[in-house]
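Here's a short tour of one protein chain. Take a look at the sequence and the 3D view, then read on.

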Amino acid sequence: MSKKPTVAATVSGDRNAAIAAERLRIAAILESPEGKRNPAMAQKLALGSALDAETARSILAEAPAANPYLAAMDREGPIGVSPSTVNIAADPKAARLAEIKVGMKAFNASRKKG
């Protein structure tokens, strides 16, 4: 019994255009900043609805982020925390660690001289 070679189904230009348009719509939803804030919801809107990309993105923009950290970063923006701006006086653990660090530095310096 011989196997017949399989032939790919031909697709018309209109159908190719529709497929490409749908893929672009899905990508616009999933890869948008709003979609990245809530990927599960973006996937549901992209694959389970016929909403256009702009409508889906507006829904995602109003929805809470899946990750509360990302929502806080969107709201507050990046903050610059450097060692010179951190106040350790109110944190006894951090103050003790800083004290130990200074003590170890002095100890190591004394060991290298002798």
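Is the crossing of helix 1 and helix 4 left-handed or right-handed? Turn the view around a bit before reading the reply: the crossing is right-handed. Keep in mind that you're looking at a predicted model.

## The whole chain

Let's start with the big picture. The chain has six helices and zero strands, so along the sequence the pattern simply reads α-α-α-α-α-α.

How much of the chain is tucked away? Of its 114 residues, 15% count as buried. The accessible surface adds up to about 9500 Å², and carbon and sulfur atoms account for 61% of that. As for contacts between residues at least 6 apart in sequence, 47% of them link residues at least 24 apart.

## Helix 1 meets helix 3

Helix 1 covers residues 13–30, and helix 3 covers residues 39–48. Their axes come within 9 Å and cross at roughly 165°. An angle over 145 degrees counts as roughly antiparallel, and therefore that's the label for helix 1 and helix 3. Their crossing is right-handed.

Who's doing the touching? On the helix 1 side you'll find Glu 22, Arg 25, Ile 26, Ile 29 and Leu 30, while helix 3 brings Ala 42, Gln 43, Leu 45, Ala 46 and Leu 47. Sorted by class, this contact has seven nonpolar residues, one polar and two charged.

## Helix 1 meets helix 4

Helix 4 spans residues 53–62, and its axis lies 9 Å from that of helix 1, at an angle of about 20°. Angles under 35 degrees count as roughly parallel, so helix 1 and helix 4 get that description.

From helix 1, the contact uses Arg 25, Ala 28 and Ile 29; from helix 4, it uses Ala 53, Ala 56, Arg 57 and Leu 60. Here the split is five nonpolar, no polar and two charged residues.

## Zooming in on Arg 25

One residue to pick out is Arg 25, which sits in helix 1. Arg 25 takes part in the contact with helix 3 and also in the contact with helix 4.

Is Arg 25 buried or exposed? Its relative accessible area is 11%. Buried means under 20%, so Arg 25 is buried. Setting aside neighbours within four places in sequence, Arg 25 is in contact with Leu 45, Ala 46, Ser 49, Leu 51, Asp 52 and Ala 53. Try finding these partners in the 3D view.

Notes: Residues are numbered from 1 along each chain as its sequence is written. This is a predicted model: local features need pLDDT of at least 70, side-chain atom pairs count only at pLDDT 80 or more; totals for chains, interfaces and linings use all residues. Side-chain values use heavy atoms; hydrogens and water are left out. Helices (H or I, at least four residues) and strands (E, at least two) are DSSP runs, numbered from the N terminus. Buried means under 20% relative accessible area, exposed over 50%, partly exposed in between (1.4 Å probe, protein chains only). Contact means heavy atoms within 4.5 Å. Accessible areas come from the Shrake-Rupley method with a 1.4 Å probe; for residues, only the protein chains shown count as cover. Axes are lines fitted to C-alpha atoms, for helices over the stretch in contact, and angles run from 0 to 180 degrees between N-to-C directions. Angles under 35 degrees count as roughly parallel, over 145 as roughly antiparallel, 65 to 115 as roughly perpendicular and the rest as oblique. A crossing is left-handed if the near helix is turned anticlockwise from the far one by less than a right angle, and right-handed if clockwise. Ala, Val, Leu, Ile, Met, Phe, Trp, Tyr, Cys and Pro count as nonpolar, Asp, Glu, Lys and Arg as charged, and the others, Gly among them, as polar.
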